[in-house]
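Reader: I have not looked at this model before. Please take me through it, and tell me how each label is earned.

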Amino acid sequence: MQRIGREKQHRFVPYPHGEAEIERDGAAMRLRLRYAGAYGMGEKYDFFNQKGNTVVNRVEEKFCFQGEKTYCAAPFFWTDTGFGLYVDSCETTVFSFGEEEIDVTLPEEAEAVLFTGSPEEIVREYMGLFGKAALPPDWVFAPWISANRWNTQAEAEEQLDKLVKYDFPAGVIVLEAWSDEATFYIWNGADYTPVPDGGAIRCEDFDFSSSPWPDPKGMIDRFHKAGLRLLLWQVPVYKKQGGDEALNAQNELDREHAAAERLCVMNRDGTPYTIPEGHWFSGSMVPDFTNARTVREWFGKRQYLLDMGVDGFKTDGGEFICREDAVFADGTDGKTGVNRYSRDYTAGYKAFVGENRVLFSRAGFSGQHLVPLHWAGDQQSRNGELKSVLRAGLSAAASGILFWGFDIAGFAGPLPSPDLYRRATQTACFCPVMQWHSEPDGGQFRELMPGGEGNNERSPWNMAAAYELPEFLDEMRFWHKLRMKLIPYLSKTARECAEESRPMMRPLVYGWPEDRHAAGCDDEFMLGDDLLVAPLLEENAETRQVYLPRGEWIGLFDRKSYAGGQIVAAGGAGRLPVFVRPGSALLKIDLAE
């Protein structure tokens, strides 16, 4: 590992397949080297191999069809030939990947860190710049259930009955519509005397008798007794309310207090920074997590949720710094805040929840392996979105994100087709996180696209009912129960990944960088050391061509032996192609329901 400073310089750096020529002149850096693929750059939806592309490393919120934008950026890449680079800055950087030249535009004062070695060595050294990866508890590897439409305790608890009725296992339930969606810490409808000074609150401060959540502590206890852990949705804003929305008295007090005490991100003129028009939560103020008092008061209001037994948070949003002139308490500005904010936000929550709870985060920046879990944000229920989200997962893994998942078949718009839902469920069964999720009934962004009429829930039982396919439940149940059988392998692999700084979901080029087929593969992956997964990405596909790297492989479902180093046709019988290393304990799994 070497560091390249801001001074003008010209040097040659040997790497496994040659010698890289490096020129640095202030804000411009040019690399000349041989490579077939460049991987990483955070969670990238457009391409897995970025050769031939220009990448802007900037955290941005984009609802569906992300394209070149990303919620989770990282100014870091590595090549199949054994060269890697990280720009040690939170400011926006630009990488242009040419045929044999890579041009980097970076802040003049920023250092660049060079790596050489295998992909595994480069990713491990990059992760080591930030610290040890967070290891989530084993319960995260059971199936997750979520739907924004669950906005009462009765509806949330009804899911326990449905899991039993339809015989589906689950380990985590996520509630998004639990709060007043003004403060993001008060249960919807709870009677609470507003506190003007920003002080902490307690469970006994609330009267839940007239709330849609009359006994949240009892609900959480019932979830736990049934084997379900609970995560609650969070967004980092002092929300601007308006339109037909009734003003929340506590939210207004919080906004006034944050502005007066400078607990929020500020403008240079001393007024609070607000999210610009055209962005999610426009007009809202943003808590400043570089301010120790903000951190203390923000989490002081949420401590009672942990006291109730909440098992973690779904930390949404965070892509809210859109102007360079925004000012933070630590003296930094929006030039770094555009990317750094999401990291500070999730780091604050990670410290708050401690070791035995989890975060499920969308936004992030370099070093995001310090946060336990990530999900790929918002996708519409279309086939092309499944392809892009797989590329995002592979890019995230190449960027050092160990534990990742996506919303099965997309969460937005009309219900997915049974075919898309089937193929997405099969893929998710072999990802670090397996979750289905859905937007509110009718769609929450009607001005952007029409939602489905009626119940949008992406549960297997609602899919079966909507399409009048009762047999579809049996088919989906197989994958959820198979997931439970995989948990011993997933838990063991997760511990090894955190200890060894290795992604759990690995693109083929990570393990076989000298294999030209692996270097160009963006639609297969390894899950740990023993499982090779080839998702079915084409509509109505039953089989597909699969490249098997060198070695011996055994089909998980057909138990046939396959020699590596070749392309084979695989799948069929309602199963995606999955291959296992000989001798793996996975071959002992009973595939009967």
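Author: This is a predicted model. A helix makes a plain start: α8, residues 383–398, has 16 residues, and at 1.5 Å a residue these should span 22 Å.

Reader: How do you know that the span of α8 agrees with this?

Author: The end C-alpha atoms of α8 are 24 Å apart, against an expected 22 Å, which agrees.

Reader: What makes α8 "mostly covered"?

Author: Buried means under 20% relative accessible area. In α8, 14 of the 16 residues are buried. After the helix comes G400, with a positive phi near 90°.

Reader: How do you know that the span of helix α9 agrees with its number of residues?

Author: Helix α9, residues 418–429, has 12 residues, which at 1.5 Å each should span 16 Å. Its end C-alpha atoms are 16 Å apart, so the two agree.

Reader: Why is α9 called largely enclosed by the rest of the structure?

Author: Because 11 of its 12 residues are buried. Among them are P418, L420, Y421, R423 and C429.

Reader: Which elements do the buried residues of α9 pack against?

Author: They pack against α8, the strands β20 (404–407) and β21 (433–436), and the helices α10 (460–466) and α11.

Reader: What does helix α11 give to the largest nonpolar core?

Author: That core has 149 residues, and L175, W187, F313 and F430 touch the most other members. Helix α11, residues 470–500, gives the most to it, with 12 residues. Apart from this core lies another of 24 residues, including A38, F97, V104 and L106.

Reader: What is W187 in contact with, leaving aside its neighbours within four places in sequence?

Author: Contact requires heavy atoms within 4.5 Å. On that basis, and with those neighbours left aside, the partners of W187 include W178, F208, W213, P216, Y304 and M308.

Reader: Why is T493 called buried?

Author: The relative accessible area of T493 is 4%, and the cut-off is under 20%, so T493 is buried. T493 lies in helix α11.

Reader: What does the side chain of T493 reach?

Author: The side chain of T493 reaches the backbone oxygen of Y489 at 2.8 Å. A polar contact has a limit of 3.5 Å. Leaving aside neighbours within four places in sequence, T493 is also in contact with M504 and G528.

Reader: Is K165 buried or exposed, and how do you know?

Author: K165 has a relative accessible area of 62%, and exposed means over 50%, so K165 is exposed. This residue is found in helix α2, residues 153–166. K165 and W461 are 296 residues apart in sequence, yet 10.0 Å apart in space, C-alpha to C-alpha.

Reader: What is the order of the strands in the open sheet?

Author: The sheet has 5 strands in the order β1-β11-β8-β7-β5, with antiparallel pairing.

Reader: What makes β1 and β5 edge strands?

Author: Each of them, β1 (2–4) and β5 (38–42), pairs on one side only. From one strand to the next the twist averages 20°.

Reader: How do you know that β1 pairs with β11?

Author: Pairing needs at least two bridges. Between β1 and strand β11, residues 111–116, there are 3 bridges in the antiparallel sense. I4 stands opposite A112 in β11. As for packing on the sheet, α8 touches β5 and β7, and its direction makes about 90° with that of β5.

Reader: How many bridges join β5 to β7?

Author: 4 bridges join them, and the two strands run antiparallel. Y39 stands opposite W78 in β7. β5 is mostly covered, with 5 of its 5 residues buried.

Reader: What makes the side chains of strand β6 "alternate"?

Author: In β6, residues 54–57, V55 and N57 point to one face and are buried, whereas T54 and V56 point to the other and are not. β6 pairs with strand β9, residues 93–97, over 4 antiparallel bridges.

Reader: Why is D167 called partly exposed?

Author: The relative accessible area of D167 is 38%, which lies between the 20% and 50% cut-offs, so D167 is partly exposed. D167 lies in the loop between α2 and β13 (172–175). Its phi is positive, about 60°, although D167 is not a glycine.

Key:
Residues are numbered from 1 along each chain as its sequence is written. This is a predicted model: local features need pLDDT of at least 70, side-chain atom pairs count only at pLDDT 80 or more; totals for chains, interfaces and linings use all residues. Side-chain values use heavy atoms; hydrogens and water are left out. A nonpolar core is a set of buried Ala, Val, Leu, Ile, Met, Phe, Trp, Tyr and Cys residues joined through side-chain atoms within 4.5 Å. Buried means under 20% relative accessible area, exposed over 50%, partly exposed in between (1.4 Å probe, protein chains only). A polar contact is a pair of N or O atoms within 3.5 Å; within protein, one must be able to donate a hydrogen and the other to accept it, and residues adjacent in sequence count only if both atoms are side-chain atoms. The expected span of a helix is 1.5 Å times one less than its number of residues. Axes are lines fitted to C-alpha atoms, for helices over the stretch in contact, and angles run from 0 to 180 degrees between N-to-C directions.
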